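Colleague: Have you got a minute to go through this model with me? I would like to start with what counts as exposed.

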Amino acid sequence: MSYYENAMRMRPYIEKAAASLSDAEALEVPTLFPAWTEGTSYSTDERIEYGGTLYRCVQGHTSQEDWTPPATPAIWVVVSLEEWPEWVQPLGAHDAYNVGAKVTHAGRHWVSDVDANVWEPGVYGWTEVTD
């Protein structure tokens, strides 16, 4: 058996073991995660690799050709350890911000004051944090 065949035989075990990694550990080795593929059923919180970037599924679904992770922020979010990620307009309850969520918007830091927050920081439901 060739090295390639051996590696392909072991790949499912590697992917299963990778699922138990913390986000910090996973970000060091995104290629250990399954690559996104069309027609695959994904579960909430499942992590995949797409274009060298690690993504987390936020809504279970079966993938479609035009539902790639970068094109569907309502379904996929980039795995990040950043304390103040850039604010992204939620598309619904499934990706709304909860109380205590931290974001950066317009160069300033904000903390959500309410659950299910879909408002833009500075409009409603956010407190600006000044350091």
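Modeller: Exposed means over 50% relative accessible area, buried means under 20%, and partly exposed is in between. Keep in mind that this is a predicted model.

Colleague: Fine. Is V123 buried or exposed, then?

Modeller: V123 is exposed, because its relative accessibility is 59% and the cut-off for exposed is over 50%. V123 sits in the loop between β7 (108–112) and β8 (126–129).

Colleague: Which residues form a nonpolar patch with V123?

Modeller: V118, W119 and Y124 form the patch with V123 on the surface. Together the four have about 380 Å² of accessible area.

Colleague: How far is V118 from G92 in space?

Modeller: The C-alpha atoms of G92 and V118 are 7.3 Å apart, with their positions 26 residues apart in sequence. G92 belongs to the loop between β5 (76–78) and β6 (102–105).

Colleague: And G92, buried or exposed?

Modeller: G92 is buried, because its relative accessible area is 19% and buried means under 20%.

Colleague: Let me back up. What is the overall make-up of the chain?

Modeller: The protein chain has two helices and eight strands. Read from the N terminus, the order is α-α-β-β-β-β-β-β-β-β. The C-alpha atoms fill a box of roughly 60 × 30 × 20 Å along the principal axes. Of the 131 residues, 29% count as buried.

Colleague: Pockets next. What volume does the largest pocket have?

Modeller: The volume of the largest pocket is about 750 Å³. Its lining has 26 residues, and the closest to the centre are V58, V77, V78, P85 and Y97.

Colleague: Which elements give two or more residues to that lining?

Modeller: Those are β3 (53–57), β5 and β6. β5 gives the most, with three residues.

Colleague: How does the lining split by class?

Modeller: The lining of the largest pocket has 16 nonpolar, four polar and six charged residues.

Colleague: Changing topic: salt bridges. How many are there?

Modeller: The count comes to five salt bridges. One of them joins the side chains of E15 and R11, at 2.8 Å from N to O.

Colleague: Where do E15 and R11 lie?

Modeller: Both are in helix α1 (residues 3–18), four residues apart, which is about one turn of the helix. E15 counts as partly exposed because its relative accessibility is 23%. R11 also counts as partly exposed, at 25%.

Colleague: Which pairs link distant parts of the chain?

Modeller: D23 and R56 are one such pair, and their side chains meet in a salt bridge at 2.5 Å, N to O. D23 is in helix α2 (residues 23–28) and R56 is in strand β3, 33 residues apart. D23 is partly exposed, with a relative accessibility of 23%.

Colleague: Which residues are in a network with D23?

Modeller: R47 and R56 are linked with D23 in a network of salt bridges.

Colleague: And another distant pair?

Modeller: E83 and K102 form a salt bridge through their side chains, at 2.6 Å from N to O. This pair also links distant parts of the chain, with E83 in the loop between β5 and β6 and K102 in strand β6, 19 residues apart.

Colleague: Why do E83 and K102 count as partly exposed?

Modeller: E83 has a relative accessible area of 48%, so it is partly exposed. K102 is at 33% relative accessibility, so K102 counts as partly exposed too. The partly exposed class lies between the 20% and 50% cut-offs.

Colleague: Last topic, backbone angles. What is the phi of A106?

Modeller: Phi of A106 is near 55°, a positive value in a residue other than glycine. Most residues other than glycine have a negative phi. A106 is in the loop between β6 and β7, and A106 counts as exposed because its relative accessibility is 60%.

Colleague: What about A116?

Modeller: A116 has a positive phi of about 55°, and A116 is not a glycine either. A116 lies in the loop between β7 and β8. At 43% relative accessibility, A116 counts as partly exposed.

Terms used
Residues are numbered from 1 along each chain as its sequence is written. This is a predicted model: local features need pLDDT of at least 70, side-chain atom pairs count only at pLDDT 80 or more; totals for chains, interfaces and linings use all residues. Side-chain values use heavy atoms; hydrogens and water are left out. Patches are made of residues with over 30% relative accessible area and no salt bridge: like charges are joined within 9 Å, nonpolar side chains (Val, Leu, Ile, Met, Phe, Trp, Tyr) within 5 Å. Accessible areas come from the Shrake-Rupley method with a 1.4 Å probe; for residues, only the protein chains shown count as cover. Buried means under 20% relative accessible area, exposed over 50%, partly exposed in between (1.4 Å probe, protein chains only). On a 1 Å grid over the protein atoms alone, a cavity is a set of points where a 1.4 Å probe fits but cannot get out, and a pocket is an open set with protein on both sides within 12 Å along at least five of seven lines; lining residues have an atom within 4 Å of a point. Grid points are joined across faces, edges and corners, and a volume is the space filled by probe spheres set on the points. Ala, Val, Leu, Ile, Met, Phe, Trp, Tyr, Cys and Pro count as nonpolar, Asp, Glu, Lys and Arg as charged, and the others, Gly among them, as polar.
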